[in-house]
Amino acid sequence: MPRFLHTADWQIGRQYDRFGPEDGPALTQARLTTVERIAALGAELAVDAVLVAGDIFDAQTISDRTVRRLFMALQAFNGPWIMLPGNHDAALAESIWTRARRLNAVPDNVHLLLTPEVSLFAEQGFAVLPAPLTQRHTFNDLTEWFDHASTPPELLRIGIAHGSVQGILAEDIDSPNPIDPQRAERARLDYLALGDWHGCRQISNRIWYSGTPEQDRFKSNGAGQLMDVRIDAPGAEPQVTPIAIGEFPWLQWQRRLSVASDLDALIEELDSIERSSVINLTLEGELDLAGEQRLQTALGRAQAQHRVLEYHLAELRLIPTDEDIAALQADGYLGEVVNQLRDLQQADDHDTAREALGILSSLLRERHAGGTPA
Amino acid sequence: MKLQQLRVSQFRQFREPLSIDGFGAGINLICGPNESGKSTLVRAIRAAFFERHSSGTLGDLRPWGDSGAAPEVELVFTHAGKQWQLSKRFLQRKRCDLTVEGERFSGDEAEDKLAAMLGFTVATRGASKAEHWGIPGLLWIEQGMGQELGEAVTHAGDHLKSVLGASLGEMTSSDGDEITRQVRSRLEELLTGGGKPRGDYKASIERLAALGSDLRELDQRIISYRQQVDRLGELRQQQASDEAERPWQTLRAQQQEAEQKQAEVTLLADQQQREMQELEQNRNSRQMVLDQLRAHDEQSEDLQQRQSKAQQLLGQLERLSAQHAELAATRDTALAAYQQAREQERKAHQLARRQTLEREQQQLLRQQQQYQTSVAQARQLQSDLLEQQQRLAAIRVDDTQFARLEALQTQLRELNIRQQSIATRLRFELLPDQQMSVGGELVNCTGESLLLQETWIEIAGVGQLTITPGGQDLGELVRQIERGQEQLQALLDELQVVSLDAAREQLELGRTLNTAILTNRRLQAGHAPEGIDALTQQLTVGKTRLSELEQELHGLPTLAEEQLPPINIAEQALEQAAGRLQQAEKATGEHNETLIKLRQNVASADEECRLLQARLDDPQRRQQQLQLNDSLLALRADQTRLEQLTQERAARIANARPDILEQDIQRYSASAAQLEQTFNQRREELIALQARLQSEGADGLEENRAKLAAELESESRRHQQLESRANALNLLHGLLSEKRQQLTRQLQAPLQKHLDHYLQLLFPQARLEVDENLLPGRLIRHGQEADEFDALSFGSREQMGLISRLAYADLLREVGRPTLIILDDALVHSDQPRLEQMKRILFDAAQRHQVLLFSCHPDKWRDMGVPAREMEGLKVTATGS
């Protein structure tokens with residue numbers, strides 16, 4: 001009974017601009033270690049092959065070193081790796097694939113399907129029909145030839161393609177690299193392994209997007225998985241099991257702070273995330289100075305605990321209470337300035353006002369905590 | 001605060017207790033000379049308030065030399081509606097007691113209470129100094145210190161502000177200035193005074209720009225790389241398609257096809273050209289045949305013309321021949337007439353000569369007779385002359401005669417020459433032993449004769465030939481020569497010379513002799529003027545002449561005079577006869593010439609006609625004519641055939657468009673070469689492009705770009721943070737400064753009001769600015785430049801100082817603070833007019849404040865409305881009480 005892993009969109013070489021020089025490279029590295037885990041999983045499950053449905057590399061001009069590292073990361077699984085070029089790594093006249101071959105970096109068990117022709121894996125019991133992208137974008141369905149391609153009847157017909165299934169995905173309108181949703185039926189495919197969509201998505205019982213194994217954006221449904229596919233015989237219903245494989249979950253939170261207990265809930269929620277994650281937090285609402293101090297402490301703690309913590313406080317207003325002001329000992333006109341800054345947060349440039357208030361309160365706090373009042 | 005009573009004892013110069021009471025609510029003027037104790041009183045008041053009673057360093061308070069003294073000061077005053085009593089003793093039995101409405105404070109507590117109430121600081125140890133004095137330091141002016149305001153205000157500043165600030169509610173801030181300073185220093189780390197980024201902020205901006213530029217450059221390279229990859233793909237596809245299709249081969253085949261067509265057309269054109277030449281030849285041949293036929297026709301016409309012309313000539317000849325005899329007769333008549341005339345003329349000449357000679361003879365004979373008688377006398381004349389004359393007389397030739405002779409000779413010579421040139425030459429070469437007679441003269445062998453007239457040649461056994469010389473003038477010429485010779489001979493005879501040369505000799509001799517005779521006669525005339533000799537001589541001459549004449553006459557024939565015409569008539573007749581003869585001869589000659597010419601013409605015309613006729617009658621010529629007509633027909637048929645052929649072929653050639661075929665060949669050939677070249681070039685470009693892409697691809701362009709983008713993003717975030725921090729700091733600093741300024745303005749406002757109040761009394765419409773430390777700043781007077789306080793004159797500063805202090809006092813009073821004003825020798829530097837104004841100001845202030853005015857010039861203050869209290873008087877009173 002043929003069994004294989006279906007994955008896609010590894011995007012090796014992807015850099016994470018927004019996360020800065022410390023976290024960015026770590027996330028880049030995480031993609032490679034995930035590949036290593038896939039290889040290990042393949043070996044562990046003793047699958048017949050691993051199908052990678054495009055965008056293995058994030059770009060054509062990835063450094064030689066990265067190219068070599070990717071192929072080395074495959075070591076743990078010595079069965080066939082069946083790789084398809086996607087839009088990021090299309091099989092152009094000069095491509096990352098031609099370079100990888102020039103570098104002699106491609107192990108023998110890696111099959112690069114750079115041309116649209118049937119590849120037979122008789123030993124494994126299936127024939128692969130690839131639809132490689134030979135341009136960055138095409139506007140015709142590259143899987144069309146599957147319909148007329150003949151394969152030995154005893155072998156499974158496995159299609160592998162990279163693009164947008166027409167009429168199914170939300171963002172498919174006028175999107176390039178279209179794929180007919182009826183392709184599996186039309187071409188009598190036992191399974192059609194798709195890439196391009198980074199979330200995990202079932203199109204039909206024979207057509208799946210595996211999604212990217214290592215999440216790389218906040219909006220991504222079911223990313224971080226791959227498909228464990230088993231098919232008894234040609235024509236049989238595939239048994240598809242998603243397996244989580246990713247390292248960092250990406251969380252995007254938007255919270256509103258209105259009353260004191262909102263802050264308590266947020267802090268509790270933050271503290272309760274167990275795995276190291278990539279978190280994007282946007283806060284809005286109002287907070288007094290004491291609450292702001294607690295929030296900063298909690299954010300500092302979360303930043304240390306997680307791979308990445310991004311937070312946006314632009315919509316959060318600092319509303320000092322009388323107690324705040326009393327605690328700051330902001331007497332005389334300083335008190336007036338504090339009030340004025342609080343009011344300014346209602347105006348356009350509230351971000352600046354909030355920050356100014358933060359600076360003022362921290363100065364006052366320092367002064368009364370460390371120094372002696374004059 | 002109103003001081004009511006002051007008491008001191010054992011205090012400096014007041015060893016004895018001194019008590020002063022009865023202080024008024026306004027001005028209290030205390031006068032006394034120097035060293036009278038005014039300043040000691042001031043010192044006492046200061047000590048009572050400022051000095052710690054427990055201080056051990058106040059030895060100066062003791063009376064001089066009294067080390068055991070315990071200086072003591074007691075003050076009674078009212079403040080805030082309460083009665084206060086302060087009692088302080090220093091150095092010995094130190095104590096301090098403060099009683100307020102029955103409530104009692106003592107020691108440090110009492111001193112602190114006073115300090116808080118009046119607004120000063122109690123020195124923690126030692127004597128109290130200016131920096132401790134606070135508000136009283138401002139209001140209590142020491143001697144000679146009225147102009148120094150800044151320090152006093154500074155020392156009073158905090159007290160003033162806190163005191164005054166209290167009236168402004170919660171506006172003041174204990175930490176405000178410090179916080180503002182910190183905010184400013186943090187802001188200055190990021191922005192310059194002008195609001196430009198500096199430090200980290202600036203570095204971040206620069207780095208951001210550098211990264212952005214690097215990124216753009218890299219983007220450009222990536223775009224270029226992608227374009228090259230696309231190009232590579234395209235080229236490969238094109239190359240593969242070219243390799244499969246080899247389009248240049250198709251083009252070459254097309255080229256060959258076109259070339260074949262072109263060859264066919266060339267062949268046709270050659271053929272065409274040949275036939276066109278043939279056509280041309282045909283045309284030439286036709287022309288030739290036509291020409292020949294026309295020539296035949298012309299020959300017939302020519303013959304007819306010539307025959308008619310010959311006929312005409314013949315008629316003419318007959319006419320002329322008939323005229324010939326007539327003309328010959330006319331000539332003969334003329335000749336005979338001429339010869340007769342010539343004879344007449346010759347005889348006439350001879351006759352004329354004879355008559356001349358006879359007349360001379362007659363004359364000479366008469367002369368001889370006339371002078372016969374005188375000849376004898378004449379013989380006596382010199383023999384030489386005679387002889388010469390005789391010789392001369394022998395000479396007949398004179399110049400005239402000689403000239404005539406010469407002319408005749410010349411004429412004759414010319415005639416001979418002409419005759420020689422036109423005479424008919426007869427040259428003969430006779431066989432030996434043969435002879436003939438020419439003009440009656442026998443000749444033989446070889447010879448030449450000039451025939452001047454019709455000559456008969458007789459040849460024995462042959463007959464007679466008559467030769468008439470043809471020259472028209474010849475007859476006339478012979479006659480002229482004969483006449484010329486006769487004339488010449490006659491003249492020679494007349495001159496008695498044989499030749500012209502002899503005549504010339506005679507002439508020369510005559511001339512010589514004449515010359516000699518003239519000479520001799522002149523000599524003779526000189527010796528003998530009478531003419532006898534001459535006569536004698538003449539007689540002799542006459543005689544000689546007579547004999548000569550006789551001799552000559554003798555030689556001349558005797559002619560009948562009456563038969564002869566006069567000589568001139570004879571000459572004229574001769575001339576006329578010669579003319580007629582000449583005419584006749586000329587007519588005859590011309591006629592002969594014409595006749596001969598005509599005969600020749602007739603002969604040649606006849607010959608021509610004969611020849612032409614012969615030719616026309618030639619049978620060969622007839623044959624030729626027939627042939628020519630046949631070939632003309634053949635040529636016309638051939639022409640028609642050729643014209644049709646060439647027209648058809650020309651159409652075929654035109655349809656084939658050889659020019660376009662040529663272009664097609666070039667086009668196909670160039671296109672094929674172009675395509676092949678493109679193919680080869682593309683192959684090279686492919687290799688180069690592939691190599692370039694391989695090296696570029698290995699650089700990891702997009703990976704580098706992503707890294708750079710990450711750096712840029714990070715830097716951009718940092719920049720954003722710095723920017724918002726700078727903005728926040730800027731905002732904060734702005735707010736703080738604004739609040740602080742606002743506060744200061746609020747503080748200043750009442751002070752300004754009071755200052756203005758006093759200032760108007762001194763300088764109407766002037767204004768004294770107050771800075772944020774409540775220090776007087778610039779003085780702005782009407783119509784003058786603003787002056788900084790410190791730049792004012794000593795006197796003005798003193799006046800402004802006092803005004804300011806009074807204003808502070810007003811301000812303090814408004815918030816219920818104690819305001820005692822002490823002036824120790826104030827306004828000593830003011831001139832009279834200013835002092836007057838200042839007194840008004842002071843008096844006005846005294847309406848609200850108690851003023852203690854100490855002075856050593858009581859007369860200056862007489863007009864203050866209060867009595868001056870003399871120090872000496874006070875001391876006396878104290879001692880007295």
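**View 1. Looking for disulfides in this predicted model, and finding zero of them over all chains.** One cysteine worth zooming in on is B:Cys31, which takes part in no disulfide. Its nearest cysteine sulfur belongs to B:Cys856, and that one sits 8.7 Å away. A disulfide needs the two sulfur atoms within 2.5 Å, so this pair doesn't count as one.

**View 2. Two cysteines and their cover: B:Cys31 and A:Cys200.** B:Cys31 has a relative accessible area of 0%, so we call it buried. A:Cys200 comes in at 18% relative accessibility. Buried or exposed, then, for A:Cys200? The cut-off for buried is under 20%, so A:Cys200 counts as buried too.

**View 3. Chain A from end to end.** Its C-alpha atoms fill a box of roughly 90 × 40 × 35 Å along the principal axes. The radius of gyration of chain A is 27 Å, whereas a compact globule of 374 residues would have one near 21 Å. Going by secondary structure, chain A has nine helices plus 17 strands.

**View 4. Inside and outside of chain A.** Of the 374 residues in chain A, 59% are buried. Take the contacts between residues at least 6 apart in sequence: 71% of them join residues at least 24 apart. On the outside, chain A exposes about 15100 Å², with carbon and sulfur atoms supplying 48% of that area.

**View 5. Where the charges of chain A sit on average.** Chain A carries 32 positive and 55 negative charges. How far apart are the mean positions of these two sets? They are 5 Å apart.

Terms used. Residues numbered from 1 in each chain as written. Chains lettered and ligands numbered in written order. Predicted model: local features only at pLDDT ≥ 70, side-chain atom pairs only at ≥ 80, totals over all residues. Heavy atoms only, no water. Helix = DSSP H or I, 4+ residues; strand = E, 2+ residues; numbered from the N terminus. Rg over C-alpha atoms; globule rule 2.2 N^0.38 Å. Buried < 20%, exposed > 50% of the residue type's maximum accessible area, 1.4 Å probe, protein only. Contact = heavy atoms within 4.5 Å. Areas by Shrake-Rupley, 256 points an atom, 1.4 Å probe, with all protein chains shown as cover. Lys, Arg positive; Asp, Glu negative; His and termini not counted. Charge placed at Lys NZ, Arg CZ, Asp CG, Glu CD.
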